[in-house]
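Trainee: I keep reading labels on structures without knowing where they come from. Can we go through one together and check each word against its value?

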Amino acid sequence: MTRTRSTRLGLALAVAALALLAAACGDSKSGSGSRPTPTPAASFPVTLDRSDGKTLTLDAAPQRIVSLSPGATEIIYALGAEGSLAAVDNQADYPQAAKDFPTKVDAYQPNVEAIAGLDPDLVFVATDSDGIVAALDRLHVPVLFSDLNTVTTIDGVYDQIRLLGRATGTSGRAEDLVAALQARERAVTGAVADVSDGPRVYHELDSTFYTASDASFIGDLYRLLHARNIAGDGGGNPYPQLTQEAILAANPDVIVLADEEFGVSVDSVKARPGWDEVAAVKDNRIYGVDPDVISRPGPRIIDALETLAKDLYPEKFG
Amino acid sequence: MLEARAEAPFAAAHEDAAPRLVTWRSLAPSYGLAALATLLMGLFAVSWGTVHIPPLAVAEILLGRLPLVPAGDHPATWSAIVWDIRVPRVVLAGLVGATLAYSGAAYQGVFRNPLAEPYLIGVAAGASVGATLVIISPLAVTAGVLSPLPPAAFAGALVAVGIAWMLARAGRGVSTVSLILSGVAVSSLGTSVVTYLMLTYTDRTLSILNWVLGGFNTATWTRTQILLPYAAACGALLLPYARTLNVLQLDEDEARRLGVNVERVKLVVLGLASLATAAAVSVSGLIGFVGLVVPHTVRMVWGPDHRRLLPLSAFLGASFLIAADTIARSADAGREVPIGVITALVGAPFFLFLLRRQQRARVMP
């Protein structure tokens, strides 16, 4: 049983890592330059709810933030608050500046001493691995813990953006960013509003047929697109492992590969024994997707939504 | 963890078995029955799955593969599911189960230790390191034909066993005690390397875990072709050592007096069993308990004679893993249950039961 748990944990971690990376969208941010920016002083002190039921009160805008979440890092860049970052985690790779960030810490085996040594006035934690939240609490380091596992919808991403906006004193920009993202989301969902019978989709996370069910954050994208996820609700498991037999029987119209960096390709899927009977293979509808973009709760999630919309409905979005 | 030299746990039963009265020929019917049972289990497994395909249709699809037999008129998807998905899966599970079980029997025979199993002296840890290195490398990790994963796992397993063997060598021979100890050390080393890599390359954590957990969800005919020669050849070469293993159960020194070249037997038997296990692990990942529990079961039911133990372990191991894999792929409507969980769920309680039984037998002679 521990093995199942650790698999799922591994999956959650992997997805979390990917999810975190996907956040900072420079494009959507640049449009907000002319909008009024709230005076940071007005928004502090601020009290924020943490995922563990505790609260965190910040008396002033943090100047030395340690982000242990690539998604949060993307959001912080998108909010233009990157000047207050002291360190990012070693999975952070977007935008380029985050990838090149001089100070990096390990988010999976967080070294409390190293983090505390950075003298942070805010540590953002999305995955409480190794009891990092409690450890930092003991050291009286301000921790904002927002559990990645609780972000299961796009709306959850918007909440995440707002939360980081309040934490960094950029609430106005956060609202602008959310509004811009929502407008793009509506453009997509509006175009598919009349679809009642969308394509059957198999979203592949790895070559052993792990997938994302309706219960996952990725599944929410397919739900918004009126696609039918062959994994269904996964029996409540956000990332179930399907049998090949079930995939072939479900006969997906579209296959989306989030595992191309692991050597899976359109051609290798076509070459799988027995898969030539699958509609997506016959119709050549196998698409790749950047796993970081699609699984990190960050502003780039709408990029993923738009890409998937084009793949699923080429006639509407071509 | 291991009583290095358990008090020849099988020796007592050995005397009861009166091996001289048993000839190879008299064993043939039991081999035949076991093979038949395994075949039936395989056929059942092929006709069973989350997608309901009538057994008659399955039979027609299978027979349709033979020349001159007309394939029935069935949906192409059914045929793909039966021939491309289920049959290779069942065959691979059977081959891996057989290999792990007879290797386990051979290990237990050489080490004369009830806890011995085919991963004891580093195969598992070595294979994990090999597989992990491929997974984190830029090499393409595919479920397909040219995956570098099986050869890397295979090489890793052999390197680990080789190191354990070298470390255990002292003077002319290798004592089983030092071999177990060096095997444990090499295994720990390998495990720590894998754990470190898993936590360092976090985007590959899932792939590594997946491999370590093992299973047959990606079984292909190619993989069965990789394993078959090793499984068959090593099994066939091990069988002639059955008598020698019987003698070895008495006592190493006594076996020497009876003219057995103990060092050579150890080297050959462990070498063949490790080679076969390495091949099995390289195509299926690490599947626990089969190599431990199946030989014990055979020994309890059919006695300790290795001429029976080795082949019957192979057949029972095949049936056991085919059954476990059938549960893995059909218990949870289209979702995969890790097979290690199933073998452990069955294996762990059974193992405790065995231990209790043995303890009782010791208390009340």
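Trainee: How far apart do the C-alpha centres of domain 1 of chain A and domain 2 of chain A lie?

Mentor: Those centres are 30 Å apart. Keep in mind that this is a predicted model. Domain 1 of chain A covers 26-182 and domain 2 covers 193-317 in the domain assignment. Their contact draws 17 residues from domain 1 and 13 residues from domain 2.

Trainee: Which elements give two or more residues to the side of domain 1 of chain A that touches domain 2 of chain A?

Mentor: They are α3 (70-78), α7 (154-168) and α8 (171-191) of chain A. The largest share, 5 residues, comes from α3(A). By class, this side of domain 1 has 10 nonpolar, 6 polar and 1 charged residues.

Trainee: Now α8(A) and α14(A): why are they called roughly parallel to each other?

Mentor: Start with the angle. α8(A) packs against helix α14 (residues 301-312) of chain A at about 15 degrees, and their axes are 10 Å apart. Angles under 35 degrees count as roughly parallel, so α8(A) and α14(A) get that label. Their crossing is left-handed.

Trainee: Which residues make the contact there?

Mentor: From α8(A) you have Leu181(A), Arg184(A), Glu185(A) and Val188(A), and α14(A) brings Ile302(A), Leu305(A), Glu306(A) and Ala309(A). Sorted by class, that makes 5 nonpolar, no polar and 3 charged residues.

Trainee: Over in chain B, what makes α5(B) and α6(B) oblique to each other?

Mentor: Look at the angle again. The axes of helix α5 (residues 123-136) and helix α6 (residues 149-168) of chain B cross at roughly 140 degrees and come within 6 Å. To count as roughly antiparallel, an angle has to be over 145, and the roughly perpendicular range is 65 to 115. The crossing fits neither label, and therefore α5(B) and α6(B) are oblique. The crossing of this pair is right-handed.

Trainee: What kinds of residues meet there, by class?

Mentor: The contact of α5(B) with α6(B) has 15 nonpolar, 3 polar and no charged residues.

Trainee: Back to chain A. Is Asp119(A) buried or exposed, and how do you know?

Mentor: Count the neighbours. Asp119(A) has 10 C-beta neighbours inside 10 Å. The cut-off for exposed is 12 or fewer, so Asp119(A) counts as exposed. You'll find Asp119(A) in the loop between α5 (112-117) and β6 (122-125) of chain A. Its phi is near 55 degrees, a positive value in a residue other than glycine.

Trainee: And why is His226(A) called partly exposed?

Mentor: His226(A) has 17 other C-beta atoms within 10 Å. Buried needs 20 or more and exposed needs 12 or fewer, so His226(A) falls in between and is partly exposed. The loop between α9 (217-224) and β9 (228-229) of chain A is where His226(A) sits. His226(A) isn't a glycine either, yet it has a positive phi of about 60 degrees.

Trainee: What percentage of the residues in chain A are buried?

Mentor: Buried residues make up 53% of the 318 residues in chain A. As for its elements, chain A has 15 helices and 11 strands.

Trainee: One last thing: which peptide bond is cis, and what is its omega?

Mentor: The bond from Tyr94(A) to Pro95(A) is cis, with omega near -10 degrees. Pro95(A) lies in the loop between β4 (85-89) and α4 (96-99) of chain A.

Methods:
Residues are numbered from 1 along each chain as its sequence is written. Chains are lettered from A and ligands numbered from 1 in the order in which they are written. This is a predicted model: local features need pLDDT of at least 70, side-chain atom pairs count only at pLDDT 80 or more; totals for chains, interfaces and linings use all residues. Axes are lines fitted to C-alpha atoms, for helices over the stretch in contact, and angles run from 0 to 180 degrees between N-to-C directions. Helices (H or I, at least four residues) and strands (E, at least two) are DSSP runs, numbered from the N terminus. A crossing is left-handed if the near helix is turned anticlockwise from the far one by less than a right angle, and right-handed if clockwise. Ala, Val, Leu, Ile, Met, Phe, Trp, Tyr, Cys and Pro count as nonpolar, Asp, Glu, Lys and Arg as charged, and the others, Gly among them, as polar. Domain bounds come from an automatic or database domain assignment. Two residues are in contact if their C-beta atoms, placed from the backbone, lie within 7 Å.
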